[in-house]
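Subject: Structure for your review

Dear colleague,

Please find below the structure that I am handing over to you. My findings follow it, and I would be grateful if you would read them with the model open.

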Amino acid sequence: MDNRNEVREFLMSRRAKLTPEQAGIPVSGNRRVAGLRRSEVAMLADVSIEYYAKIERGSLGGVSDAVLDALARALRLDDAEREYLFGLARIAHGRAEPVRRRKPRQWVPRESLTRALEVITGGPAFVRNGRMDILATNLLGAAFYDQVFDGPGQGNLARFNFLDERSRDFYPDWEAASDVSVAILRTEAGRDPHDRQLHDLIGELSARSDAFRTRWGAHNVRRHGSGTKNFHHHLVGDLTLTYEGLELTAEPGLSFLIYTAEAGSPSQDRLNLLASWSAASRQQEAADRQSIARLGSAEPKKENTP
């Protein structure tokens with residue numbers, strides 16, 4: 001697969017972000033660029049300027065792991081960026097194996113996975129793929145992300161982020177949430193370049209959202225393992241939640257995420273309120289279905305007339 005444009009844009013964006021001061025290079029005189037020059041990256045990586053220029057033009061085929069390591073150190077890449085660079089190299093070498101594709105509407109969680117979600121009652125828990133489709137949730141997760149499912153998001157967190165105006169209320173720091181959303185998609189694109197559904201999603205968001213298109217061009221990547229986020233839920237208000245993300249070894253490419261609040265905090269009280277509301281709503285739905293079923297069975301049968 002030809003990924004030279006992706007390689008070129010990624011390396012140029014990383015070089016532009018790193019200042020000489022950060023790289024420990026003395027600066028003298030006026031510089032026309034804020035980031036590093038190609039010659040400076042080559043020096044830091046201990047390769048020739050010509051060889052680095054060839055690499056930055058997108059030619060990663062045949063580049064050794066040792067050189068990739070040297071480039072990662074020279075450009076001060078973090079773990080996610082380094083992994084992304086090596087993924088680009090595997091694709092250029094022709095060694096990238098297609099990841100098994102998943103269609104959200106066809107994927108059915110195992111019964112044991114469903115039970116694992118159901119036993120988590122203290123916070124929202126859900127399973128998502130690298131495209132940020134929410135594939136399964138516990139009861140509280142469904143209530144927490146109700147707007148993701150009932151609007152333009154169509155169950156996809158990235159689509160909700162950029163195509164649903166309600167996301168600006170749901171994410172008090174919408175800019176940071178948007179950065180993370182795009183970085184996760186960019187990481188997934190490097191991991192599975194053959195995912196047609198992912199390419200379709202990126203094309204849709206690029207066409208419909210200037211904010212997405214600008215962020216996509218920044219070529220930022222990241223891992224989404226743990227941290228703290230602020231939310232504003234339309235039913236219970238402000239929430240500060242910590243999250244843990246776990247990779248499902250039995251389901252490659254899927255993540256299991258759990259949000260929790262500090263015990264005794266206002267956020268925990270609001271989560272409890274949301275859980276109570278969700279349970280009451282579910283009970284009412286069940287009661288309504290039973291009433292409809294009883295009415296249907298109570299309808300008099302029409303007699304056949306000769």
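In this predicted model, strands β1 and β5 pair in the antiparallel sense, over five bridges. Within this pairing, N129 stands opposite L254 in β5. Strand β1 also pairs with β2 (residues 134-137), again in the antiparallel sense, and here there are three bridges. In that second pairing, R128 stands opposite I134 of β2. The hairpin formed by β1 and β2 has four residues between the strands, and M132 takes a positive phi near 75° in it.

How many residues of strand β1 are buried? Five of the five residues in β1 (residues 125-129) are buried, so the strand is largely enclosed by the rest of the structure. Both of its faces are covered: A125, V127 and N129 are buried on one side, and F126 and R128 are buried on the other.

For the chain as a whole, there are 15 helices and five strands. Buried residues make up 44% of the 306 residues. Among contacts with a separation of 6 or more, 55% are between residues 24 or more positions apart.

I turn next to the nonpolar cores. In soluble globular proteins, nonpolar side chains tend to be buried together. The largest nonpolar core here has 38 residues, and Y145 and L185 touch the most other members. The elements that each supply at least two residues of this core are α8 (139-144), α10 (157-163), α12 (174-191), α13 (196-208), α14 (210-216), β4 (237-247), β5 (254-260) and α15 (266-298). Helix α12 gives the most, with seven residues. Which residues does L185 touch, not counting those up to four places away in sequence? They are G130, R131, M132, A158, L198, L201, L205, F212 and W216. M132 is thus a residue to look at twice, as it is touched by L185 and takes a positive phi in the hairpin of β1 and β2.

A second, separate core has 30 residues, including V7, L11, L71 and L88. L71 is also one of the buried residues of helix α5, which are V67, L68, A70, L71, A72 and A74. These buried residues of α5 pack against α3, α4 and α6. Just after α5, R76 takes a positive phi of about 55°.

Helix α3 (residues 38-45) can be read in a similar way. Its residues E40, V41, A42 and A45 are buried. The buried residues of α3 pack against α1 (4-17), α4 (49-56) and α5 (65-74). Just after α3, D46 takes a positive phi of about 60°.

Finally, I describe the largest pocket. Rolling a probe the size of a water molecule over the atoms shows where empty space is left. The largest pocket has a volume of about 460 Å³. Of the 21 residues that line this pocket, E83, T187, R191, R222 and E247 are the closest to its centre. Which elements give two or more residues to the lining? They are α6 (79-93), β1, α12 and β4. The lining residues divide into three nonpolar, 10 polar and eight charged. Helix α12 therefore deserves a second look in the viewer: α12 gives seven residues to the largest nonpolar core, and α12 is also among the elements that line the largest pocket.

With kind regards

Technical notes:
Residues are numbered from 1 along each chain as its sequence is written. This is a predicted model: local features need pLDDT of at least 70, side-chain atom pairs count only at pLDDT 80 or more; totals for chains, interfaces and linings use all residues. Side-chain values use heavy atoms; hydrogens and water are left out. A nonpolar core is a set of buried Ala, Val, Leu, Ile, Met, Phe, Trp, Tyr and Cys residues joined through side-chain atoms within 4.5 Å. Buried means under 20% relative accessible area, exposed over 50%, partly exposed in between (1.4 Å probe, protein chains only). Contact means heavy atoms within 4.5 Å. Two strands pair if DSSP finds at least two bridges between them. On a 1 Å grid over the protein atoms alone, a cavity is a set of points where a 1.4 Å probe fits but cannot get out, and a pocket is an open set with protein on both sides within 12 Å along at least five of seven lines; lining residues have an atom within 4 Å of a point. Grid points are joined across faces, edges and corners, and a volume is the space filled by probe spheres set on the points. Ala, Val, Leu, Ile, Met, Phe, Trp, Tyr, Cys and Pro count as nonpolar, Asp, Glu, Lys and Arg as charged, and the others, Gly among them, as polar.
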